[in-house]
Amino acid sequence: KAAGGTVSGLYAGSTGEGIRVTADSTLRDATANGRFNIVDSVLYCRGSANVIGGEVKINGAGNFFNDTGTLRVTANGIVHGAGLVGSNYSDRPIHIQGGLLSADVSGQTLSHYYGYVLLDGGTISSESGGTMAMNAVLSIVSGTLKSNSAFTFVGPFTMPAGQMSGTGSFTTPTLTNAGGIVNPGDPIGSL
């Protein structure tokens, strides 16, 4: 458990993979500026506020879950890989605040399977043959949804602001463009 304070440093041991999380673990009211490698386990974020300013890599059956409070992924923060990302209810969002949430493992899926995501100046992407599956409520203040491989919304999606771009695909049962930019330059309401 990391409780309060800051967890930093990019390397653990000689492997360079950072802090390897192989058993269910908890960050509580912490600022994480280092590197976490979640392997077939859960890294819970608990407390009133956690900040990711470093890297969280999700592998295998890994799960990065915001249980209580707000989890902010700031400008230097990146949460990526393949596995699961989730948050508990709409009052406990994963707030992409200038950072990056990316599905970037070829042939694998990063699924935001539960809860609420707030995109505010950051990027949510699919890269390198990975698939981003958005099963949660997504609210956009600003920022970019970028698909260079596959990006799937399970339910209807309304884009009130921000931008959709990339060379890959976006799949959704219903897209309502209420003020965002879809493939930069297209007018509101078109796809």
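1. Ring pairs join Y44, F65 and Y113 into a cluster, and this, like everything that follows, is read from a predicted model. One member of that cluster, Y44, also has a charged partner, since the charged end of R46 is placed over the Y44 ring at 4.2 Å from the ring centre.

2. The count of aromatic pairs comes to four. One of them is the pair formed by F151 and F170, whose ring centres lie 5.4 Å apart and whose planes make an angle of 35 degrees, an arrangement that is classed as tilted. Because F151 belongs to strand β20 (residues 150-153) and F170 to strand β23 (residues 169-171), the pair ties together parts of the chain that are 19 residues apart in sequence.

3. The two rings of this pair should be described separately where solvent accessibility is concerned. F151 has a relative accessibility of 0% and therefore counts as buried, whereas F170, at 25% relative accessibility, counts as partly exposed.

4. A further point concerns N76, which is found in the loop between β11 (70-73) and β12 (78-81). Its relative accessibility is 66%, so N76 counts as exposed. When the neighbours within four places in sequence are left aside, N76 is in contact with G53 and G54. For G53, the C-alpha to C-alpha distance from N76 is 5.1 Å, although the two residues are 23 residues apart in sequence. The description of N76 should accordingly mention both its exposed state and its contact with G53 and G54.

Terms used. Residues are numbered from 1 along each chain as its sequence is written. This is a predicted model: local features need pLDDT of at least 70, side-chain atom pairs count only at pLDDT 80 or more; totals for chains, interfaces and linings use all residues. Side-chain values use heavy atoms; hydrogens and water are left out. Helices (H or I, at least four residues) and strands (E, at least two) are DSSP runs, numbered from the N terminus. Buried means under 20% relative accessible area, exposed over 50%, partly exposed in between (1.4 Å probe, protein chains only). Contact means heavy atoms within 4.5 Å. Rings of Phe, Tyr and Trp (its six-membered ring) pair if their centres lie within 6.5 Å; planes under 30 degrees apart count as stacked, over 60 as edge-to-face and the rest as tilted. A charge sits over a ring if NZ of Lys or CZ of Arg is within 6 Å of the ring centre and within 35 degrees of the ring normal.
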